[in-house]
Amino acid sequence: MVRDYDPSINESSFLLAALKEKRRVDGRGIYDVRSLQITFGADYGQVEVQLGRTRVSAKVSAKVERPRNDKPTEGILHFNTEISPMACPTFESGSRSEEEVLISRIIEKSLRRSRAIDTEGLCIVAGEKVWEIRVDLHFLDHDGNLIDCAALAAITALLHFRRPDVTVVGEEVTIHPIDQRNPVPLSIHHIPICVTFAFFDKGQLLVVDPNYLEEKVKEGDMTITMNIHKEICALSKAGGIPLDMQQVLRCSQIALIKVTEATEQIQKALEDDKASRKKLSSGAAK
């Protein structure tokens, strides 16, 4: 594994001096988020999200499994994260780093525990057969803020995914192939979006969507997961400097604006993809 070197004193001093003037080393304002690009694959549930130069790929798959004994009428939602040295040389292949564990926990809290996905709608036969939805997240490029990029990729892939239709007659279950019957979208109650803040100078300075250098210099961070209904789904602060209540409230107000913008971008990208697929299928039919 390549050793991760800390930024030099000059780099850190320059970054802090710029932040005091409400400027950032990459030219953004302190509350600005990097440009978001969403690209869909040929299959449903295959998405690549790019936040600045940070890039994450998500793929959703479904299979029929037996439900858990304590939840016989609920489907299973599983997240799998994989950070390879391709994203950043400091990550080691085959072993989970602390950062990867933290990312998977935050995504788990944001999407599964917030009940964003209707798991009861994944039940086929109570106590016998349910859908298991698996979300595989592959980190392709790391230029800071992997959490927000991964969470955007996961929820966009789930919104885009279609599972095969199912018919239940008595005890007989028939799963229809996609080419025979239109696949069914997942039932999603709301769209949780993660917004990460980094803090500097004893919490007096903050930035939204920190890049790689800012993450190395920061004194603390906080991730707020929120939806457009102003509901805070999760709040994660793993160590770092303490924050007063006013700072947390201020961050939640900023997060709401960023969540609204990101939700609109996701919905527009999904609508554009739906229109392009419809145009493609109608062209093929002719």
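**View 1. Cover over the buried side of helix 2.** In this predicted model, the buried residues of helix 2 (buried is under 20% relative accessible area, 1.4 Å probe, protein chains only) are covered by elements that include strand 4 (76-83), strand 6 (129-141), helix 3 (146-160), strand 11 (193-200), strand 13 (220-226) and strand 14 (232-236). Contact here means heavy atoms within 4.5 Å. Helices (H or I, at least four residues) and strands (E, at least two) are DSSP runs, numbered from the N terminus.

**View 2. Helix 2 from end to end.** Helix 2 runs over residues 98-113, 16 in number, and its first and last C-alpha atoms are 21 Å apart, close to the expected 22 Å; that expectation is 1.5 Å times one less than the number of residues. Which residues of helix 2 are buried? They are E100, I103, S104, I106, I107, E108, S110 and L111. An α-helix has 3.6 residues a turn, so residues three or four places apart point the same way. After the helix comes R115, with a positive phi near 60 degrees.

**View 3. Stepping back to the whole protein.** Five helices and 14 strands make up the count of elements. The radius of gyration (over C-alpha atoms) is 21 Å, close to the 19 Å of the globule rule (2.2 Å times the number of residues to the power 0.38) for 286 residues, so the protein is as compact as a globular protein of that length. Of those 286 residues, 45% are buried.

**Notes on the model.** Residues are numbered from 1 along each chain as its sequence is written. Local features need pLDDT of at least 70, side-chain atom pairs count only at pLDDT 80 or more, totals for chains, interfaces and linings use all residues, and side-chain values use heavy atoms, leaving out hydrogens and water.

Key. Buried means under 20% relative accessible area, exposed over 50%, partly exposed in between (1.4 Å probe, protein chains only).
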